[in-house]
Amino acid sequence: MSTAGLRPTSLADNARVVLKVGSSSLTRSDGGLDLNRIDIIAGLVAGLRRRGHDVVLVSSGAVAAGLIPLGMTGRPGELRLLQAAASVGQGHLVSRWQTAMSAYGVVTAQVLLTAQDVAVRSHYRTVRATFGALLSMGAVPIVNENDAVATAEFNLGDNDRLAALAAHLVTADVLVLLTDVDGVWTARPGTPGAKPVRYVGAPDELADVDVTGRASTLGTGGMRTKLQAATIACASGTAAVIASADDAPRLLGEREVPVDLGTWFAPTGPHRPSRRLWMAHASVPEGRIVIDAGAQRAITVGKKSLLLPGVTGVNGDFESGAVVELVGPAGVMARGICRYASGELEEDLRARRDGSADPLDHVAPVVHRDDLAELPRTAGERI
């Protein structure tokens with residue numbers, strides 16, 4: 001594995017930071033909001049702003065903040081009760097952030113997102129513009145999913161993923177994920193021989209790391225979701241840090257960034273156009289196209305379009321112009337905008353099977369290279 005010596009020792013001048021704080025880091029043992037922690041984070045955000053950094057705060061804790069006012073003793077499992085807790089708690093949560101930030105002269109803005117806001121391309125562009133306006137005027141957006149109206153079938157999943165999407169939306173330089181663990185370890189902390197991983201240069205470096213484990217009782221994520229978020233961010237040119245919220249003052253309080261805290265993930269790709277970011281990580285695929293090994297190699301190594309001969313199967317019912325997943329021998333490897341309807345592809349597959357296909361028919365790419373976004377493999381994920 002790479003050494004911590006490769007980590008940067010300071011944030012770049014004017015770096016744009018997306019900071020995500022998990023529920024476990026914002027709540028007390030009785031489930032109520034930890035106001036002291038909120039004040040500490042608010043002071044750190046103000047410090048980053050004074051040093052010239054734009055900051056977007058992704059804050060969990062809405063459901064947790066609504067439990068005590070509603071007389072609940074724990075996170076409910078029923079969707080309608082979760083939505084009720086979120087409805088009550090979101091107001092409490094943002095009020096606490098606004099009060100804490102205003103003490104440092106920081107203007108805050110509440111931004112509640114739904115899956116629709118990032119899945120629909122026109123909504124996605126609007127949200128980008130809103131973030132751009134807020135940051136240009138010096139405000140700190142406080143972001144959360146609109147849990148009060150989210151459904152089990154159509155939501156953003158967890159705030160780690162939301163933070164990665166927010167990093168895309170604002171073209172962040174660094175994504176900081178604060179949690180209750182000091183970064184990634186080679187095994188669960190406390191396990192004999194377990195060591196912290198301080199620097200990750202590429203996802204393959206965590207191939208032998210065990211990232212299984214449950215989230216806290218008040219949160220929805222875990223180390224796996226944080227690795228997924230870090231991988232998504234890094235593949236699009238944003239560095240990522242997973243660190244303990246207890247270490248936030250040392251990590252973010254000074255210009256120098258300690259190399260002995262948390263896990264730093266180096267960017268593995270360039271900043272990509274927002275259209276490709278949306279396609280890869282925010283769009284909702286309407287179907288799947290199964291491709292052979294040759295087509296997968298042409299896309300990943302040759303950077304080519306997907307052509308009809310490489311298609312071996314179709315799943316789903318979709319029209320031309322739909323976003324689809326491309327599935328190769330190793331699994332889902334890309335998303336793209338398909339130029340054929342599913343029925344047209346199935347008709348061609350039947351014609352090829354019975355030997356009646358005309359090689360001059362349907363010569364246009366199934367998914368053009370300009371309409372294709374490869375998906376990064378998650379750090380620590382085993383193929």
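Let me start with leucine 375, which lies in the segment after strand S15 (372–374), where helices (H or I, at least four residues) and strands (E, at least two) are DSSP runs numbered from the N terminus. This is a predicted model, in which local features need pLDDT of at least 70 and side-chain atom pairs count only at pLDDT 80 or more, while totals for chains, interfaces and linings use all residues. Residues are numbered from 1 along each chain as its sequence is written, and side-chain values use heavy atoms, with hydrogens and water left out.

At 25% relative accessibility, leucine 375 counts as partly exposed, a class that falls between buried, under 20% relative accessible area, and exposed, over 50%, for a 1.4 Å probe and protein chains only. Leaving out residues up to four places away in sequence, leucine 375 touches Ala280, His281, Val332, Met333, Ala334 and Arg335, contact meaning heavy atoms within 4.5 Å. Its C-alpha atom is separated by 6.3 Å from that of alanine 280, although the two residues are 95 apart along the chain.

That takes us to the sheet to which S15 belongs. It is an open sheet of five strands with mixed pairing, in the order S12-S11-S13-S14-S15, and two strands pair if DSSP finds at least two bridges between them. The edge strands, each pairing on one side only, are S12 (311–315) and S15. On average, and with direction ignored, neighbouring strands of this sheet are turned by 25° against each other; axes here are lines fitted to C-alpha atoms, for helices over the stretch in contact, and angles run from 0 to 180 degrees between N-to-C directions. Within the sheet, S13 (residues 323–328) and S14 (residues 331–337) run antiparallel and are joined by six bridges, and leucine 326 has alanine 334 as its bridge partner in S14. Helix H11 (residues 293–300) packs on the sheet, touching S11 (287–291), S13, S14 and S15, and its direction makes about 105° with that of S11. Helix H12 (residues 342–353) also packs on the sheet, touching S11 and S12, with its direction at about 140° to that of S12.

Now to strand S1 (residues 17–21): is it buried or exposed? Five of its five residues are buried, so S1 is largely enclosed by the rest of the structure. Both faces are covered, with Val17, Leu19 and Val21 buried on one side and Val18 and Lys20 buried on the other. S1 runs parallel to S2 and is joined to it by five bridges, lysine 20 having valine 58 as its partner in S2. S1 also pairs with S5 in the parallel sense over five bridges, and there valine 21 is partnered by leucine 178.

Which members of the largest nonpolar core touch the most others? Of its 48 residues, they are Val18, Phe131, Val143, Leu175, Val184, Leu206 and Phe265, a nonpolar core being a set of buried Ala, Val, Leu, Ile, Met, Phe, Trp, Tyr and Cys residues joined through side-chain atoms within 4.5 Å. Elements giving two or more residues to this core include strand S2 (55–59), helix H6 (121–136) and strand S5 (174–179). Leaving aside neighbours within four places in sequence, valine 143 is in contact with Val56, Leu57, Val58, Ser59, Val111, Leu113, Phe131 and Leu162.
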